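Work through the exercises below with the sequence and the model at hand. Each task is followed by a solution in steps.

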Amino acid sequence: MFDTLKDFYRGRLAPNEKDGSNRLFIQDLLQLRASNREKLCQSLTEEQKEILEKYDRQTTEMIELIREDSFISGYRLGTRMTAEAFTKE
């Protein structure tokens, strides 16, 4: 257990490394998204492409904030469950 804490402190443990992108169904969805985006971009003007790029960046930022919040909420829940396991009979 203490090795895990050391690894976490020293940056050798990153909970977000396992984001699911290596799962087959996620890879399929990512490929489909890329294909559809490419088709869409073929019909857009340069100004529209810039707007789409901004949209993508904002979506990515929003997703990262949601993932961060979910991680924190999950960690808190796990900690509360652990604390209850040691304090209640």
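**Exercise 1.** Does Phe-71 count as buried, partly exposed or exposed, and at what relative accessibility?

Solution. The model is a predicted one. The relative accessibility of Phe-71 is 40%. Buried requires under 20% and exposed over 50%. Phe-71 therefore counts as partly exposed.

**Exercise 2.** Classify the aromatic pair formed by Phe-71 and Tyr-75, and place both residues in the secondary structure.

Solution.
1. The count of aromatic pairs comes to one.
2. The ring centres of Phe-71 and Tyr-75 are 6.2 Å apart, and the ring planes make an angle of 35°, so the pair is tilted. The cut-offs behind this step are centres within 6.5 Å, with planes under 30 degrees apart for stacked and over 60 for edge-to-face.
3. Helix H3 (residues 46–87) holds both Phe-71 and Tyr-75, with four residues, about one turn of the helix, between their positions.
4. Tyr-75 counts as exposed because its relative accessibility is 56%.

**Exercise 3.** Determine which residues Arg-37 and Cys-41 contact, leaving aside neighbours within four places in sequence.

Solution.
1. Arg-37 belongs to helix H2 (residues 24–42), and Cys-41 is also found in helix H2.
2. For Arg-37 the contacts are Leu-52, Glu-53 and Asp-56. With Asp-56 there is a polar contact between the two side chains, at 2.5 Å.
3. For Cys-41 the contacts are Lys-49 and Leu-52. The C-alpha atoms of Cys-41 and Leu-52 lie 8.7 Å apart, with the residues 11 apart along the chain.
4. Cys-41 has a relative accessible area of 16%, so Cys-41 is buried.

Conventions. Residues are numbered from 1 along each chain as its sequence is written. This is a predicted model: local features need pLDDT of at least 70, side-chain atom pairs count only at pLDDT 80 or more; totals for chains, interfaces and linings use all residues. Side-chain values use heavy atoms; hydrogens and water are left out. Rings of Phe, Tyr and Trp (its six-membered ring) pair if their centres lie within 6.5 Å; planes under 30 degrees apart count as stacked, over 60 as edge-to-face and the rest as tilted. Helices (H or I, at least four residues) and strands (E, at least two) are DSSP runs, numbered from the N terminus. Buried means under 20% relative accessible area, exposed over 50%, partly exposed in between (1.4 Å probe, protein chains only). A polar contact is a pair of N or O atoms within 3.5 Å; within protein, one must be able to donate a hydrogen and the other to accept it, and residues adjacent in sequence count only if both atoms are side-chain atoms. Contact means heavy atoms within 4.5 Å.
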